[in-house]
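Reader: I am in my first year and should like to study one part of this model closely. Would you please take me through a single helix and one residue within it, and then turn to the surroundings of the ligand?

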Amino acid sequence: MTSTSPPPAVAARGVTHRYPGADGRTLLALDGVDLDVGAGEFVSIVGPSGCGKSTLLRLVAGLLASQVGGIEVLGGAPAEAQRAHALGLVAQDPGLLPWRDVAANVRLPLDVMGAHDPERVRALLDQVGIAEFAGYRPGALSGGMRQRVALARALVHRPRLLLMDEPFGALDELSREAMRIELLRIWEQERIAVLFVTHSVAEAVLLSDRVVVMSGRPGRVRAVIDIPLPRPRGEAQESSPAFVAAAAAVRAALRAEDVEGAA
Ligand code: ADP
């Protein structure tokens, strides 16, 4: 009997990536990274600036060609998953078109394909809580609302893997907290796999099933920490002993790198 369980969202083995340097040398950005994201799983990556988190995300997204090591996304090559519209991407900069209103920004990926699905666009605007702003231009929205638009746009093709690169990094603390809760709510409904890059340990612990802690450049996986908090989750859990212990474990793994880096 063949198994009907879905393929893992990401299975990366021994991923090493070099960029060309200005002086003819190369810069080793990632060194032998393994990464697993199960179907429907929420995994965060934390690590110091420049450790290759964005590089890893871009490799998984198929935006960068992998050089050394293997990356499978949803059971195939990253570019295949991208072509099948199975990936959604949300970056720190929402990247909205200023001359299009909210609804037109959300439906942009459909317009590009010549597709038409006003029902889907309406449902998404509702889901991310911006239905009443459908006719507004991005310039009239707060940072948090612009990120909601970017999230809705990323979900428009019903992706099976959502890649988020510091999506709330430019938001003020209150908007950031609201967006975490919103993302958790949407994830509970959709149960798509999420690979989430953040600098915030508390954010990673609140959201994730597992947190991948990376070392400084060249980026290596220093630790993978399970977050055994019950779901659905909310801010009330942030003071629970299990939350505090998980956050301490992530911080200890990050600090271990500092000590090594200083040696
Ligand atoms: P992070 O997201 O963890 O801050 P990045 O993946 O952006 O790290 O970058 C990892 C390293 O690779 C950094 O040292 C960065 O300067 C370098 N790097 C990133 N993109 C390029 C590029 N296009 N060309 C050359 N070097 C790059």
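Author: Helices here are DSSP runs of at least four residues, and they are numbered from the N terminus. The model is a predicted one. In that numbering, helix H6 covers residues 143-155, and Val149 is found in it.

Let us begin with the length of the helix. The expected span is 1.5 Å times one less than the number of residues. For the 13 residues of H6 this gives 18 Å, and the end C-alpha atoms are 19 Å apart, which agrees.

The next matter is how far the helix is covered. A residue counts as buried when its relative accessible area is under 20%. By that cut-off, eleven of the 13 residues of H6 are buried, and the helix is mostly covered. Among them are Gly144, Met145, Gln147 and Arg148, together with Val149, Ala150 and Leu151. Arg153 and Leu155 also belong to the buried group. The cover over these buried residues includes two strands, E5 (87-90) and E6 (161-165). It also includes helices H3 (102-106), H4 (108-112), H5 (118-127) and H7 (173-190).

Val149 itself deserves a closer look. Its relative accessible area is 0%, and therefore Val149 is buried. Apart from its neighbours within four places in sequence, Val149 is in contact with Leu96, Val102, Asn105, Val106, Ile130 and Leu141. By contrast, Ala256 lies 38 Å from Val149, C-alpha to C-alpha, and the two are 107 residues apart in sequence.

We may now turn to the ligand. The residues around it include Tyr19, Leu27, Ala29, Pro48 and the run Ser49, Gly50, Cys51, Gly52, Lys53, Ser54 and Thr55, with Arg217 as well. By class, this shell has five nonpolar, five polar and two charged residues.

Several of these residues place polar atoms beside oxygen atoms of the ligand. In the side chain of Thr55, an N or O atom is 2.5 Å from a ligand oxygen. For Gly50, a polar backbone atom is 2.7 Å from an oxygen atom of the ligand. For Arg217, a polar side-chain atom lies 3.2 Å from a ligand oxygen. Taken alone, the ligand exposes 560 Å², of which the protein buries 63%. Strand E2 (26-37) and helix H1 (53-60) are the elements that give two or more residues to the shell. The largest share, three residues, comes from H1.

Conventions:
Residues are numbered from 1 along each chain as its sequence is written. This is a predicted model: local features need pLDDT of at least 70, side-chain atom pairs count only at pLDDT 80 or more; totals for chains, interfaces and linings use all residues. Side-chain values use heavy atoms; hydrogens and water are left out. Buried means under 20% relative accessible area, exposed over 50%, partly exposed in between (1.4 Å probe, protein chains only). Contact means heavy atoms within 4.5 Å. A residue is near a molecule or strand if one of its heavy atoms lies within 4 Å of it. A polar contact is a pair of N or O atoms within 3.5 Å; within protein, one must be able to donate a hydrogen and the other to accept it, and residues adjacent in sequence count only if both atoms are side-chain atoms. Accessible areas come from the Shrake-Rupley method with a 1.4 Å probe; for residues, only the protein chains shown count as cover. Ala, Val, Leu, Ile, Met, Phe, Trp, Tyr, Cys and Pro count as nonpolar, Asp, Glu, Lys and Arg as charged, and the others, Gly among them, as polar.
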